[in-house]
Amino acid sequence: MSMLSLRLLPILAIFVACSPQEQPFSSRSAQFGEYPKRLFDTFKVSCDGPGENFAQVSAGVFECRETLPPDATAFLILNYDGFPQKLPQSVRRMSSEKNSQGYRVDADLYFLIPQQNGSTVKVPVESEALDQELTSLFRFFGGTPVVKG
């Protein structure tokens with residue numbers, strides 16, 4: 001960083017502090033003009049950690065399922081009446097659907113907690129920070145964030 005940049009830093013900080021701060025728009029959905037192959041390729045490559053499994057669930061629907069650390073597993077089992085013989089999983093899902101403008105992509109994150117009766121409880125993960133990260137990711141790959149509806 002140059003000396004000029006260092007001198008301007010306090011002035012920029014004052015402008016930012018005095019400017020009205022708008023909440024950035026964030027979304028878990030985006031519109032792409034063309035099929036976002038690079039986005040889905042990156043999603044697949046990012047699902048290669050310990051305990052992670054990538055799957056193409058159907059045409060245009062991709063999931064990364066992950067086993068959770070013991071403390072998170074115990075928390076979910078205890079708080080959602082889970083069945084300890086079948087452990088909960090974290091699921092990151094991306095899906096695409098062709099429409100008149102190109103492709104709409106939706107992202108979702110949730111926990112699946114198996115129950116003793118064989119059913120599964122789905123607990124969505126709600127996070128403004130996550131929504132903002134997804135918005136940045138969509139923009140990076142050429143998408144335009146949209147309101148999910």
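In this predicted model, the largest pocket encloses a volume of about 260 Å³. Fourteen residues line this pocket, and those closest to its centre are F43, R92, M94, L134 and L137. The lining draws at least two residues from each of α2, β4, β5 and α4, with α4 supplying the largest share, which amounts to four residues. Sorted by class, the lining consists of eight nonpolar, two polar and four charged residues.

The largest nonpolar core has 14 residues, among which F32, L39, M94, V105 and F138 have the most contacts inside the core. Two or more residues of this core come from each of β1 (29–32), α2 (37–45), β3, β5 (102–114) and α4 (128–140), and the largest share, three residues, is contributed by α2. M94 therefore appears in both descriptions, being listed among the core residues with the most contacts and among the residues closest to the centre of the pocket. Which residues does V105 touch, leaving aside those up to four places away in sequence? The contacts of V105 are with R28, S29, A30, F32, P36, L39, F40, S95, S96 and F138. Of these, F32, L39 and F138 are also named, together with V105, among the residues with the most contacts inside the core.

The strand pairings that involve β3 can be set side by side as follows.

| Strands | Direction | Bridges | A residue pair |
|---|---|---|---|
| β2 (residues 52–58) and β3 (residues 61–67) | antiparallel | six | N53 and R65 |
| β3 and β4 (residues 89–99) | antiparallel | seven | E63 and R93 |

Strand β3 is thus paired on one hand with β2, through six bridges, and on the other with β4, through seven bridges. Within the pairing of β2 and β3, S58 has V61 as its bridge partner in β3, while N53 stands opposite R65 of β3. The hairpin formed by β2 and β3 has two residues between the strands, and G60 there takes a positive phi near 80°. In the other pairing, which is likewise antiparallel, the bridge partner of E63 in β4 is R93.

As a general point on such elements, the side chains of a regular strand alternate between the two faces of the sheet. Strand β3, besides its pairings, is one of the elements that give two or more residues to the largest nonpolar core, whereas β4 is one of those that supply at least two residues to the lining of the largest pocket.

Definitions and conventions: Residues are numbered from 1 along each chain as its sequence is written. This is a predicted model: local features need pLDDT of at least 70, side-chain atom pairs count only at pLDDT 80 or more; totals for chains, interfaces and linings use all residues. Side-chain values use heavy atoms; hydrogens and water are left out. Two strands pair if DSSP finds at least two bridges between them. A nonpolar core is a set of buried Ala, Val, Leu, Ile, Met, Phe, Trp, Tyr and Cys residues joined through side-chain atoms within 4.5 Å. Buried means under 20% relative accessible area, exposed over 50%, partly exposed in between (1.4 Å probe, protein chains only). Contact means heavy atoms within 4.5 Å. On a 1 Å grid over the protein atoms alone, a cavity is a set of points where a 1.4 Å probe fits but cannot get out, and a pocket is an open set with protein on both sides within 12 Å along at least five of seven lines; lining residues have an atom within 4 Å of a point. Grid points are joined across faces, edges and corners, and a volume is the space filled by probe spheres set on the points. Ala, Val, Leu, Ile, Met, Phe, Trp, Tyr, Cys and Pro count as nonpolar, Asp, Glu, Lys and Arg as charged, and the others, Gly among them, as polar.
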